[in-house]
Amino acid sequence: MSVTPTGATARKAAAYLEVIRPADPKTIIPLCFNPTEYQISKANMFAEIPVPGLETPLIQYIRGDSEKLSLEALVDTSDTLDDVRVTYVKKLRELSPLYEMFKEGVDLTKVQWTAH
Amino acid sequence: MAYSNKVLDHYNHPRNVGSFDKSDPNVGTGMVGAPECGDVMKLQVKVNPETGIIEDAKFKTFGCGSAIASSSLATEWLRGRTVDEALAIKNTDIVNELSLPPVKIHCSVLAEDAIKAAISDYKNKAGVTTQETATA
């Protein structure tokens with residue numbers, strides 16, 4: 001988790017992630033991260049060492065793993081963190097004669113279209 | 001099949017988007033296509049009644065990138081042409097200009113139909129106006 005990408009502040013994301021592909025470290029994908037569920041795990045390994053004459057074996061620490069954060073991230077169609085619903089839907093609505101008719105109060109289900 | 005750069009340019013920067021007042025006698029409106037088919041194109045021309053030259057053209061299109069590009073290009077071509085010159089625009093001209101792939105040829109057909117519909121609407125209106133003046 002690191003740098004806040006441009007535009008992300010407006011989205012009020014709870015956190016920001018940057019995904020770096022191991023195969024191509026130059027490609028960094030910034031993500032808004034609104035976690036509903038994530039998991040932090042840490043594991044230590046121990047081994048039982050049986051000692052003759054002792055009823056219970058000795059427990060010996062072998063190694064510890066570093067902490068792992070696991071989560072599911074949904075990568076949406078925007079790579080600029082703009083809201084695609086606003087950017088594209090608005091643009092296409094402005095272009096659409098249907099939306100114009102809708103705003104004029106035309107009942108689109110009753111229009112006789114010249115079908116193609 | 002990728003869109004050509006010209007299609008992308010028209011899609012990203014559509015020319016002459018908008019509407020004229022439909023009731024203006026000098027404005028011809030053509031609305032073609034159907035939402036079920038995925039494309040609706042509205043093309044309007046504003047004709048100077050004295051010279052017969054299309055002074056301005058505007059469009060609004062609901063449809064794919066090619067449909068938007070075809071109608072955007074059509075409005076560019078319409079400006080400055082006479083009504084008769086406008087009717088000479090063929091869908092194949094649009095296909096060639098935009099390098100449309102075969103599956104998108106219907107978009108250019110739709111644009112040609114929209115031009116014809118707009119011009120015929122204008123002619124109807126102009127005809128009606130002349131008759132009215134004649135009877136009055």
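This is a short tour of a structure with two chains in contact, A and B, taken one selection at a time.

Before selecting anything, keep in mind that the model is predicted, with an ipTM of 0.81 and a pTM of 0.66. If you colour chain B by confidence, you are looking at an average pLDDT of 89, with 93% of the residues scoring at least 70.

Begin with chain B and select strands S1, S2 and S3, which form an open sheet in that order with antiparallel pairing. Strand S1 (27-34) and strand S3 (53-62) of chain B stand at the edges, and each has a single partner strand, so one side of each is left without a neighbour in the sheet. Looking along the sheet, you can follow a twist that averages 15° from one strand to the next.

Next, select strand S2 (residues 39-48) of chain B together with S3(B), and you will find nine bridges joining this antiparallel pair. To see one bridge, pick B:Lys42, whose partner in S3(B) is B:Lys60.

Now add H2(A), which packs on the sheet and touches S1, S2 and S3 of chain B, its direction making about 85° with that of S3(B). Then show helix H2 (residues 65-78) of chain B, which lies across S2 and S3 of chain B and runs at about 170° to S3(B).

Finally, select the residues where the chains meet: 11 residues of chain A are in contact with 17 residues of chain B. On the chain A side, helix H1 (84-95) and helix H2 (97-104) each supply at least two residues, and H2(A) gives the most, with three. Coloured by class, this side of chain A shows six nonpolar, three polar and two charged residues.

Terms used: Residues are numbered from 1 along each chain as its sequence is written. Chains are lettered from A and ligands numbered from 1 in the order in which they are written. This is a predicted model: local features need pLDDT of at least 70, side-chain atom pairs count only at pLDDT 80 or more; totals for chains, interfaces and linings use all residues. pLDDT is the predictor's confidence in each residue, from 0 to 100. Two residues are in contact if their C-beta atoms, placed from the backbone, lie within 7 Å. Helices (H or I, at least four residues) and strands (E, at least two) are DSSP runs, numbered from the N terminus. Ala, Val, Leu, Ile, Met, Phe, Trp, Tyr, Cys and Pro count as nonpolar, Asp, Glu, Lys and Arg as charged, and the others, Gly among them, as polar. Two strands pair if DSSP finds at least two bridges between them. Axes are lines fitted to C-alpha atoms, for helices over the stretch in contact, and angles run from 0 to 180 degrees between N-to-C directions.
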